[in-house]
Structures are given as C-alpha cells and as structure tokens.
Amino acid sequence: MLGIAARSGLHCSRSLVARHTMKPTLIQAAHMTGSSATHWKAERYVSVITAGAIAGAVVAPSLAVDHILAVVLPLHTYWGMEQVFLDYIHVKALSLIVGWALKLLTAFSVVALLYFNQHDIGITQACKDVWNIKRDEQLD
C-alpha cells in the first residue's frame with residue numbers, strides 16, 4: 001500500500017497508515033479503557049459464542065441453541081454492518097436514518113427468529129432442510 005502511494009506522488013507516513021488500518025491485538029485490548037474497550041471485548045465474546053452455538057447446532061441441536069443463535073447472529077451482523085455504514089456514509093442525516101433503520105431491522109430479526117424457533121421448526125432444522133433440498137430432489 002505504501003509503495004503505490006509513494007509511486008503515485010502521495011506522501012503519507014507509515015505510522016499514519018498503521019494507525020488507521022490496524023485493529024487492536026489482545027494485548028493492546030487488555031490495556032484499553034472506556035466504552036471502546038468494552039465494545040471491542042463484547043464483539044469478541046459474541047464471535048466466540050456464535051462459533052460455539054453453530055458447533056452446538058451441528059452436534060446437539062436444541063431449542064436453547066436455536067435461541068442463542070437467534071440473538072447472537074443478528075447482533076454479530078449488526079456490528080459488522082454498523083462498521084460498513086460508519087466507513088462509507090459520511091452525511092450526518094443519512095447516517096442517522098441508516099443507523100436507526102439498522103437498529104430496527106436487527107430488533108425485528110431477533111424477534112422474528114425467536115418466534116420462528118418457538119412456533120415453527122427452528123433455525124437449525126431450517127438450515128438442515130435447506131441443505132438437503134437438492135439431495136431430496138435427486139432421490140425422487
């Protein structure tokens with residue numbers, strides 16, 4: 001990246017690029033304070049819980065695992081999309097509208113997935129059914 005910038009005549013320091021592109025490591029996160037540290041740690045916990053819940057859904061599917069997935073999948077998606085919108089939407093009014101739309105869509109997703117788990121086949125069984133559609137068609 002610095003090589004292209006240097007060849008194109010753009011002048012930027014290595015530390016400036018590193019400061020804006022590097023995510024904190026676990027060691028750096030341990031020394032962070034305030035809401036950014038809490039948010040960073042919460043994102044990591046949700047990522048680990050998501051991985052564990054997906055593994056649990058494969059090994060031992062249950063209503064509890066489906067409910068965990070119904071909460072952590074939209075939350076994980078929300079944080080990812082929030083970062084995309086923060087990076088690419090710079091108009092304040094539009095940013096507010098998109099931010100609230102994302103919050104409403106996330107809340108609706110959680111409620112809809114919980115309802116689907118409780119009153120229908122659940123997330124895990126739905127994924128299994130979708131996975132087996134092609135195989136069922138070949139058997140007929």
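Two exercises with worked solutions follow, on the helices and the nonpolar cores of this chain.

The model is predicted, with local features needing pLDDT of at least 70, side-chain atom pairs counting only at pLDDT 80 or more, and totals for chains, interfaces and linings using all residues. Residues are numbered from 1 along each chain as its sequence is written, and side-chain values use heavy atoms, with hydrogens and water left out.

**Exercise 1.** Describe the span of helix 4 and state which of its residues are buried.

Solution. Begin with the chain, which has eight helices and zero strands, where helices (H or I, at least four residues) and strands (E, at least two) are DSSP runs numbered from the N terminus. Next, take helix 4, whose 25 residues (35–59) reach 36 Å from first C-alpha to last, close to the 36 Å expected at 1.5 Å a residue, the expected span being 1.5 Å times one less than the number of residues. Finally, A37, W40, E43, V46, T50, A53, G56 and A57 are buried in helix 4, that is, under 20% relative accessible area with a 1.4 Å probe and protein chains only.

**Exercise 2.** Identify the largest nonpolar core and the helices that supply it.

Solution. A nonpolar core is a set of buried Ala, Val, Leu, Ile, Met, Phe, Trp, Tyr and Cys residues joined through side-chain atoms within 4.5 Å. The largest such core has six residues, namely A53, A57, V65, L69, A70 and I123. Helix 4 and helix 5 (63–88) each supply at least two residues of this core, and its largest share, three residues, comes from helix 5. Apart from this core lies another, of five residues, among them V46, V72, Y78 and L102.

Note on methods. Buried < 20%, exposed > 50% of the residue type's maximum accessible area, 1.4 Å probe, protein only.
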